[in-house]
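Biologist: Hi, I'm new to this one. Could you walk me through it?

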Protein chains: 2
Amino acid sequence: MSAAAVPKYVYFFDEGSAAMLDLLGGKGAGLAEMTAAHLPVPAGFTITTQACLQFYAADRALPPGLDEQIDTAMLDLERRTGKGFGSIERPLLVSVRSGARVSMPGMMDTVLNLGLNDRTVEALARLTQNERFAWDAYRRFIMMFSSVVLGIDKSVFEEQIEAAKQARGVKGDTDLDAGAWRDLADAFKATVRECTGHPFPQGVREQLDLAIRAVFDSWNSKRAIDYRRFNRISDDWGTAVTVMEMVFGNMGDDSGTGVAFTRNPNTGEKRLFGEYLRNAQGEDVVAGVRTPEHIIDLERSQPDVYRQFLDIAEKLERHYRDMQDLEFTVERGKLFMLQTRSGKRSAEAAVKIALAFVDEGLIDGDAALGMVDANALDQLFHARIDPAQSIASVARGLNASPGAASGRVVFTADDAVAAKARGEACVLVRVETNPDDVHGMIAAEGILTAKGGATSHAAVVARGMGKPCVAGCHALQIDLRARRATLAGHPLAEGDWIAIDGSSGNVFLGEVALIPPPSELPPWLATFLDWADSRRRMEVWANADTPEDARKARELGAQGIGLCRTEHMFMQTERLPIVQAMIIADDRAARAEALARLLPFQRDDFAGILEAMQGRPVTIRLLDPPLHEFLPSLEALLVETTEMRERGQTDSQAYRDKVHVLARVQQLHEQNPMLGLRVCRLGIVYPEIYAMQVRAIFEAACDLRARGIDARPEVMIPGVGTREEMQVTHDAAKAVAESVLRERAQEVAYRIGTMVELPRACIVADELAAFAEFFSFGTNDLTQTTYGYSRDDAEASFIPRYLEKRILRDDPFQVLDRRGVGSLMRQAVELGRGARAGLKVGICGEHGGEPSSIAFCERLGLDYVSCSPYRVPIARLAAAQAAIGTLA
Amino acid sequence: MSAAAVPKYVYFFDEGSAAMLDLLGGKGAGLAEMTAAHLPVPAGFTITTQACLQFYAADRALPPGLDEQIDTAMLDLERRTGKGFGSIERPLLVSVRSGARVSMPGMMDTVLNLGLNDRTVEALARLTQNERFAWDAYRRFIMMFSSVVLGIDKSVFEEQIEAAKQARGVKGDTDLDAGAWRDLADAFKATVRECTGHPFPQGVREQLDLAIRAVFDSWNSKRAIDYRRFNRISDDWGTAVTVMEMVFGNMGDDSGTGVAFTRNPNTGEKRLFGEYLRNAQGEDVVAGVRTPEHIIDLERSQPDVYRQFLDIAEKLERHYRDMQDLEFTVERGKLFMLQTRSGKRSAEAAVKIALAFVDEGLIDGDAALGMVDANALDQLFHARIDPAQSIASVARGLNASPGAASGRVVFTADDAVAAKARGEACVLVRVETNPDDVHGMIAAEGILTAKGGATSHAAVVARGMGKPCVAGCHALQIDLRARRATLAGHPLAEGDWIAIDGSSGNVFLGEVALIPPPSELPPWLATFLDWADSRRRMEVWANADTPEDARKARELGAQGIGLCRTEHMFMQTERLPIVQAMIIADDRAARAEALARLLPFQRDDFAGILEAMQGRPVTIRLLDPPLHEFLPSLEALLVETTEMRERGQTDSQAYRDKVHVLARVQQLHEQNPMLGLRVCRLGIVYPEIYAMQVRAIFEAACDLRARGIDARPEVMIPGVGTREEMQVTHDAAKAVAESVLRERAQEVAYRIGTMVELPRACIVADELAAFAEFFSFGTNDLTQTTYGYSRDDAEASFIPRYLEKRILRDDPFQVLDRRGVGSLMRQAVELGRGARAGLKVGICGEHGGEPSSIAFCERLGLDYVSCSPYRVPIARLAAAQAAIGTLA
């Protein structure tokens, strides 16, 4: 590479700006911006993220030219500070810190006090006239450098400090004098030589070189990778490195170090929020050795410093138009700003700050909408584990349905009902759940299962009910007969307290305090979401199977029901026997009889939900799952019949009944029920089932119309893949609908459409749109077939491994896969609208409540997104952000 | 509709030509063509297929203007024949026949002698001076008209004829005199009045009108629809109707009627082949009342007629450049041609006739290739049920693996082996098969199962072995303990003879004679396929899992192996325990140990197949199915462990072992294994499995190279759906390959590619082609995910219903779905070749051996198709036809 081609890798703070965030990282850009604003910032420079990327591209070799640029920068820094790097007159000490494009708190490495060695420490002691301070700084540097750069476990050094304190009969670090720290520095160096085979590096330029490499390396440490995966941060950005003159908060009581938010990050209150530790370096705050004071208290002890800081905080907030998270140090009464960045905050604080900023004239409404992470609103609608208590989870499962629950362990649905009757909160703990458990799920505060994925019965039903659920907790073993279990080795008896956090998947032992959700949309949130509504193009609908859910959704702002699943109605306790009778029926007459008994139930279901949503469309999906989902499990029946046979009970009626059911279950058994006799295939093979459902829908609508209620049913045919399936099911549904309307002499506006959830449906969408009056993307199933993943199996087995190995960046069942699934969706929208102008297109898969997926739906030009009721506020905000362009 | 807009619905024979096939149907076009060639054809006209389509479009009303056109045509016909329709002087009698675009023999309706009534019959008697003939003709007409047009069961009339013969004490129809026929005609009319409430229609124009409507209706009779579905004939074509002056073969010994092929339709021999029945009408030949003579015998009895017919036959064959199937009638020594059409023939005859036509200079080689239905070649490579015997199937299952087998029933694999050892042919009859049955499947002539679809274990293994198999025969119930079964109600004991036809799915009771397949490619077929090879662009490869199959494929012309499935190697008896040990292994070390034991087996497998194909590519697919396929069934284990528990055997080692296996089977159990932990997901979660396989492949290749044998392995990664999956598996395979080549210091040319079998793979094919050096479409799986159908479940449940209801025209697992699956394939080819110029692309799904799918592959520009060894000749021919353009 020619010299001319070497890029500029090093920028002094006064050469950069906030606009150079990608190159300088958050820390570097913030320091540059503060320097430009003439705020008190120590001198220093930033090595770019580009240098880091080159470092990785060259198999961890520093890029050519970087060394020279650092040498030049250090000379300049010496000039700016009037100190010398390695000088025994006025030694220049620096901090070396990482700083990526976004903040990854605690994830990457920092080295302070770099530049100290056996000779410069003496000079520091001389200059500061504080021998104790100098040796303390040196031992801190050896510890930190050894741990961060040389990879020696910090505890080795901490043990030596403990031993020194014991030997001297003192308790606190502050009780150790200069001699003690000097002895410890010697001991630390001996340890380094033992561990590495080399002496502790005395060359300051070598120290700097190693520290820069260590910061680069820390970008790819396991914890940093894990953090990025969890927070969906790209691996490709790299980190910058800032090298800055050290300032010292540990030079006496007029010195100190602090962190502060410009507003309260929990409540949004406009008041400084943070802490300050006198006579300390930054790491002491983190280590919690001493209890810091509240930042406000600084006003009393150092009023000038406090006023200066308050002024800077206000300036920075106005400058960045965002709440700032600040770090600073006071060295002998002089304030130095070390960092400014956008501060993390609770959902409530985020909304309130955004509202306040508009009030204060800092930003406009669109900017305010862009300031709030839509996903964070989820926190507001579920009970939460109270973060004030100090508890640790003992096991983890799938975060199947959000929210926290705490209660006594019960192992059966009946026990849950009994506990509820006694007024006791309980958590239902099962290997997995089935329709027989639903009454127990209703009674329990939450559900914990040992098996099953995100679409297991427990997960789906719990989400539908808005109950917390942790599913597939593999550390749980249950002995049902003994009413006992073990959880990650801990014994668990009936009546023991546990808690689950369905948002994180964590499980806790003991009684755990919860923070309850608000009972209604708080006014500040209502205002904020009204702004969002005025800016969004897409409508927000909700998935709801019951009138209660529909009402809840409407309160939260839903403009329609995008998915009403009729199968959950089939599973209710009083109906299941009729449904089973219908399925087991040997002939058409018996099936018709059972269907006739189901009709009034379904009519009532539909009437309730149509009334709750009056004036708004209610999309009712006809029966979708394979029939054997409504029958007892094959495995259980096999065991039971074998037991009865072995016990000589084959002559009993009970045995004959069971064998009859077993035979039908075996007959309906499928290798791959997800790809079997389900969706519209059911309605084509057993047309009488769909006919009953359509009749129930239109009888309900007519009853409501007769009462002057504006019922707007939309009939959705699931799982259509061919023109013929669409035509046959559309025509059959239409015939029944028209026939009911004629019988009742009512007019009801309705649509018949389809759930687009198969790759082939997307490819032949023009053929489907010839009949379908709307499309609703069922992206759960579409993802399953596009990838060839069964969600139940994949999320329990290989998807976690795939995420770990970064084969997948995101679980495609949680974040819509734009390239694969999205490309099919785009094709469907284009073909569908080409064949039918103005075709209404929405999404009712779970992605409909996930912000980045909502942004993609906006790009596709969908008419609405539909999600679970409690995600309606999230979708309202995300849809507005997508329309404005702040969410892409 | 204005008069000017009425289309021409009626064409006299001298107005038409062969080019008007679609409008006039096969029969009408043939009669027109013969009329134009001045061959002796009775006068007549054809009502177009368009009239039929209008008839259906108007809900079975004749289109406006048709009546008038028929009236005009009848007047013209009277003029041309010098007879009068309904005349009591010279009555005009006509036949009314159907004739669709393609021949549907016996499927649609015909009425002869139309125009007879109580008065014209007298005139006919007078004119022919043959009262018996006239009354016989009249009673025939009443019978046929009543059956075809009025829907009265023919047997009612046949019983009356029987009664008349008994009353008169005679045996044959010929023994009944004029009076008897007259009495019967009267009795028939009375019957008609009884059954319909109306007298038998005497108006000749009314007779004609009703007959035409009946022919139109017969297009949509159930048997016609079934025939079309089976033969993939469009429902949209409709039928034409020909109305033709009657000629009579039953006017004495110088009259007669015959059918003849211009060549032998079984052997292709160039010699008239057919039969002639003296003094008879056409329906007598069909009814088999008297035994006809061979057509050749006509030479002796009526040499002039024979010579004239021979001359006409040769002319027609030359004219149509195809073997013709002729119908004719001789009326008092005068020959009339009633039909000419392309004759159906055996595969052998088809090839030999095509070869002969080229020899005779009638056609060129391309035309000859186009004359043979590629699918028909399948007949040549399997044993067939000898069609000479008269047997009827008692039940039907899925035609899971083609060919016929006959043998004694055995119910277990061990019994099959024992039978084979005794030298007895046997058919293995099972509910379903599993890996433990393979030795029995090898020993048996064929396999019959009660459960399972086209990808069930029985079906897949049988196809791999080339053994006949009928799967999923629901009429079969087995009582294994009693070694008994019932088949469609018939009891079936061990040792009873049965036969199965895996090509049709039929099952027969008793000893059935088979025609064995040829032991090698017969020379006439070899010649013909050499022509095909010279014309095709695509290569033809084979799917083969064993050296024997590979050798067979190569003999049949395969140019490479497109799919070698390694899982079948895992299932062999001596290896299965090791495979199971690997799967059940609790830790990595135990798994590694089992894999190390499998390595030499796999190496030998690969060495054998690579050697058999030396100089040709062998595509080896790494392990594909979910691991639990190699373990015992969950259901069986549940029953067994429950039994042991009930019997108090829980302290036994056997119980503990079984429970251990059960636990692992439950752990690996998946809701939808087709969408679970399989394909490349296995290789990513358990990289050591793929590493072992790749090592075995390259060790085998190196061993062969060392012996101077040109081994050309191609490693195929199954089920890739993302760039990351492709990269990780490609890099891992390449690393092992290179490492083996280094160790052995050998050079082996190889490729690493992927099986494209998921919708997402097609959509991101450019990303895959960055690593994959070839694509092979796995259209079985691609069809499953594109449609969302599990083949096992769908073919056993709703696909038959879908075909019946015409929701599907074809089973998409048999005939490639061009619109859906094909569109994804096209995308993959374009993206893949865009990213990697010259990317090799083939197909290895079962569609690779299906002619219309092969034609689509030609259009996509694939490099090769790969199919089972016995379909290689079919693919060679189909690929040539596709290249020439005679197969689209």
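Modeller: Sure. One term before we start: two strands pair if DSSP finds at least two bridges between them. And keep in mind that this is a predicted model.

Biologist: Okay, let's try that on a sheet in chain B. What is the strand order in the open sheet of three strands?

Modeller: The order is β18-β19-β20 in chain B, and the pairing is antiparallel. The edge strands are β18 (476–479) and β20 (490–493) of chain B, and each of them pairs on one side only.

Biologist: How many bridges join β19 and β20 of chain B?

Modeller: Four bridges, in the antiparallel sense, with β19(B) covering residues 484–487. If you want a spot to click on, take T486(B): its bridge partner in β20(B) is P491(B).

Biologist: And by how many degrees are neighbouring strands of this sheet turned against each other?

Modeller: On average by 20°, direction ignored.

Biologist: Over to chain A, then. In what order do the five strands of its open sheet come?

Modeller: They run β1-β2-β5-β3-β4 in chain A, with antiparallel pairing. At the edges stand β1 (10–12) and β4 (110–114) of chain A; each has a single partner strand, so one side of each is left without a neighbour in the sheet. Neighbouring strands in this sheet are turned by 20° against each other on average, direction ignored.

Biologist: What holds strands of a sheet together in general?

Modeller: Strands pair through backbone hydrogen bonds, either parallel or antiparallel. Here, β3 (residues 94–100) of chain A pairs with β4(A) in the antiparallel sense over three bridges. One residue to look at is V94(A), whose bridge partner in β4(A) is L114(A).

Biologist: Got it. Now helices: at roughly what angle do α34 and α35 of chain A cross?

Modeller: Roughly 50°, and their axes come within 9 Å. That crossing angle makes α34(A) oblique to α35(A). Helix α34(A) is residues 851–860 and α35(A) is residues 872–884. The crossing is right-handed.

Biologist: Which residues meet there?

Modeller: From α34(A) you have P851(A), I854(A), A855(A) and E858(A). On the α35(A) side they meet I874(A), A875(A), A878(A), A879(A), A882(A) and A883(A). The contact divides into nine nonpolar residues, no polar ones and one charged.

Biologist: Let me hop to chain B again. How do α2 and α8 of chain B sit, roughly parallel or roughly perpendicular?

Modeller: Their axes cross at roughly 80°, and α2(B) and α8(B) are therefore roughly perpendicular to each other. The axes come within 10 Å, with α2(B) at residues 49–57 and α8(B) at residues 204–218. In α2(B), A51(B), C52(B), F55(B) and Y56(B) meet R213(B), F216(B) and D217(B) of α8(B). That contact divides into five nonpolar, no polar and two charged residues.

Biologist: Last topic: what turn lays chain B on chain A?

Modeller: A turn of 180° with a shift of 0.2 Å along the axis, giving an RMSD of 0.3 Å. That is the relation of a two-fold axis.

Biologist: Which residue of chain B comes closest to the rotation axis?

Modeller: N672(B), with its C-alpha at 2.1 Å.

Biologist: And why do you say the copies meet through the same surface?

Modeller: Because 100% of the interface residues of chain B are also interface residues in chain A.

Note on methods: Residues numbered from 1 in each chain as written. Chains lettered and ligands numbered in written order. Predicted model: local features only at pLDDT ≥ 70, side-chain atom pairs only at ≥ 80, totals over all residues. Heavy atoms only, no water. Helix = DSSP H or I, 4+ residues; strand = E, 2+ residues; numbered from the N terminus. Axes fitted to C-alpha atoms, helices over the stretch in contact; angles between N-to-C directions. Least-squares fit on C-alpha atoms with pLDDT ≥ 70 in both. Contact = heavy atoms within 4.5 Å. Parallel < 35°, antiparallel > 145°, perpendicular 65-115°, else oblique. Left-handed = near helix turned anticlockwise from the far one by under 90°. Nonpolar A, V, L, I, M, F, W, Y, C, P; charged D, E, K, R; others polar.
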